[in-house]
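Trainee: Could we go through this protein together before I head back to the bench? I would like to learn how to read it.

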Amino acid sequence: MFQEFISSGMCEVCWFEEARYSCRLCSRRVCPRHYVVERGICAVCSINLCEICGRALAVDSCLLCGKLVCRQCSRELQPGIRVCGSCFSNIHEYVRRDSRLSYIERYLKKPPRSRA
Ligand SMILES: [Zn+2]
Ligand SMILES: [Zn+2]
Ligand SMILES: [Zn+2]
Ligand SMILES: [Zn+2]
């Protein structure tokens with residue numbers, strides 16, 4: 001039974017219509033217009049969703065392809081530089097095509113944590 005969703009409360013996206021659902025990711029209460037039924041998430045989460053797995057909220061976008069990625073679907077090369085899994089495996093190909101990215105390759109060869 002979904003009795004709890006019928007209780008009073010406004011959609012936390014539009015603050016205009018009555019909330020009928022709650023988002024499984026952010027638990028916002030939303031109206032049918034701001035809910036993506038197939039995914040069980042609200043409109044806000046649906047535009048911030050990882051474009052790789054489509055299940056988790058994106059934390060960043062891939063530096064190389066620009067896809068929104070979640071923590072699980074990406075690799076953080078260094079703080080603020082995140083690439084998706086498929087770009088990570090193709091990283092040398094990207095670097096060959098765009099020499100501006102050569103710092104990534106340098107980083108991969110010599111992670112900053114290793115002491116000089
Ligand atoms: Zn709404
Ligand atoms: Zn949400
Ligand atoms: Zn993901
Ligand atoms: Zn990518």
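Here is a short conversation about its confidence, its layout and its core.

Trainee: Which element has the lowest mean pLDDT?
Mentor: Keep in mind that this is a predicted model. Over the whole protein, the mean pLDDT is 88, and 87% of the residues reach 70 or more. Strand 6 (residues 68-69) has the highest mean among the elements, 97, while the lowest, 81, belongs to helix 4 (residues 102-109).

Trainee: What pattern does the protein follow along the sequence?
Mentor: Begin with the parts: there are eight strands and four helices. Reading along the sequence then gives β-β-β-β-α-β-β-β-β-α-α-α.

Trainee: Which residue is the bridge partner of S74 in strand 8?
Mentor: Strand 7 (residues 74-78) runs antiparallel to strand 8, and four bridges join them. The two strands form a hairpin with two residues between them, and G80 in that turn has a positive phi of about 85°. Across in strand 8, S74 has as its bridge partner C84.

Trainee: Which residues have the most contacts inside the largest nonpolar core?
Mentor: That core has 23 residues, and those with the most contacts inside it are V30 and V69.
The elements giving two or more residues to this core are strand 4 (41-42) and strand 8 (81-84). Domain 1 (3-47) and domain 2 (61-109) each supply at least three residues. Back to the name you wanted: V30 and V69.

Trainee: Where sequence neighbours within four places are left aside, which residues is V69 in contact with?
Mentor: Both hairpin residues S74 and C84, bridge partners, are among them. The full set is C50, E51, I52, A58, D60, S61, C62, S74, R82 and C84.

Technical notes:
Residues are numbered from 1 along each chain as its sequence is written. Chains are lettered from A and ligands numbered from 1 in the order in which they are written. This is a predicted model: local features need pLDDT of at least 70, side-chain atom pairs count only at pLDDT 80 or more; totals for chains, interfaces and linings use all residues. pLDDT is the predictor's confidence in each residue, from 0 to 100. A nonpolar core is a set of buried Ala, Val, Leu, Ile, Met, Phe, Trp, Tyr and Cys residues joined through C-beta atoms within 7 Å. A residue is buried if 20 or more other C-beta atoms lie within 10 Å of its own, exposed if 12 or fewer, and partly exposed in between; C-beta atoms are placed from the backbone. Domain bounds come from an automatic or database domain assignment. Two residues are in contact if their C-beta atoms, placed from the backbone, lie within 7 Å. Two strands pair if DSSP finds at least two bridges between them.
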